[in-house]
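Welcome! Have a look at the structure below, and then work through a few exercises at your own pace.

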Amino acid sequence: MRITGGTARGISLQAPKGDSTRPATDRTREAVFSSLGTLIEGSICIDLFAGTGSYGFEALSRGAQSCLFFDSKPEAIRCLKQNKINVSKSADLQDEQSKIFKVNLMNREYDWTQKIFKKADCIFLDPPYALLEVHLSYFLECLSFQFAHKDSILILECPSHLAIKSQTWTVHKRIGASGKSKPNAILLNCHS
């Protein structure tokens with residue numbers, strides 16, 4: 001798995017061993033960032049359930065101003081730290097442009113905005129599919145919405161069959177193949 005565009009293009013990303021993390025494929029990320037186009041340049045990003053950080057590091061490589069990475073697994077945090085070193089060196093990023101937080105995003109009582117100073121322009125959300133099936137409303141209406149402003153874009157990676165119903169987000173575009181086990185990325189616009 002590699003960064004597909006920008007100043008760190010071609011840099012390999014470390015991924016945790018085993019199947020506890022499902023990194024976004026290069027093809028899916030390329031399609032997402034092609035759809036985002038110049039919106040990513042100068043943007044403030046957040047990568048929720050970051051895993052390898054592939055979405056956030058891709059955004060930084062393509063000109064995002066900053067990205068915050070959130071995950072709870074120790075192995076994912078280790079990979080995020082190494083990927084930060086590699087991408088930052090290649091893309092000539094400053095240390096403060098990316099920050100990594102080890103947190104349990106399923107803690108519904110926590111005010112996640114305590115960890116950020118500005119609302120995000122782009123929010124990447126790629127939780128385990130098993131959690132999506134059960135907690136989609138929490139992810140859309142509470143978790144991601146806490147980081148959003150009225151013009152935010154949410155990029156949700158999910159199975160293609162997942163139906164999106166939200167009071168705060170509107171589906172703008174679906175990217176990916178159809179089929180129950182096929183991953184899709186959905187671009188959603190904040191509408192509150």
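Here are three exercises with worked solutions, based on a predicted model.

**Exercise 1.** Work out how helix α1 and helix α2 are oriented to each other.

*Solution.* Start by finding the two helices: α1 covers residues 26-36, and α2 covers residues 54-61. Next, take their axes, which come within 11 Å and cross at roughly 45 degrees. An angle under 35 degrees would count as roughly parallel, and one from 65 to 115 as roughly perpendicular. The crossing fits neither range, and α1 and α2 are therefore oblique to each other. To finish, add the handedness: this crossing of α1 and α2 is right-handed.

**Exercise 2.** Find the residues through which α1 and α2 meet, and sort them by character.

*Solution.* On the α1 side, look for T28, R29, V32 and F33. Their partners in α2 are S54, Y55, E58 and A59. Now sort the residues of this contact: four are nonpolar, two are polar and two are charged.

**Exercise 3.** Describe the largest pocket and what lines it.

*Solution.* Begin with the space inside the largest pocket, which is about 270 Å³. Then turn to its lining, made up of 14 residues. Nearest the centre you will find I44, S66, L68, F117 and K118. Now bring in the strands: β1 (44-48), β2 (66-71) and β3 (98-102) each supply at least two lining residues. β2 gives the most, with three residues. Last, sort the lining of the largest pocket by character: seven residues are nonpolar, three are polar and four are charged.

How values were computed
Residues numbered from 1 in each chain as written. Predicted model: local features only at pLDDT ≥ 70, side-chain atom pairs only at ≥ 80, totals over all residues. Heavy atoms only, no water. Axes fitted to C-alpha atoms, helices over the stretch in contact; angles between N-to-C directions. Helix = DSSP H or I, 4+ residues; strand = E, 2+ residues; numbered from the N terminus. Parallel < 35°, antiparallel > 145°, perpendicular 65-115°, else oblique. Left-handed = near helix turned anticlockwise from the far one by under 90°. Contact = heavy atoms within 4.5 Å. Nonpolar A, V, L, I, M, F, W, Y, C, P; charged D, E, K, R; others polar. 1 Å grid on protein atoms, 1.4 Å probe; cavity = no way out; pocket = protein on both sides within 12 Å on 5 of 7 lines; lining within 4 Å. Points joined across faces, edges and corners; volume = space filled by probe spheres on them.
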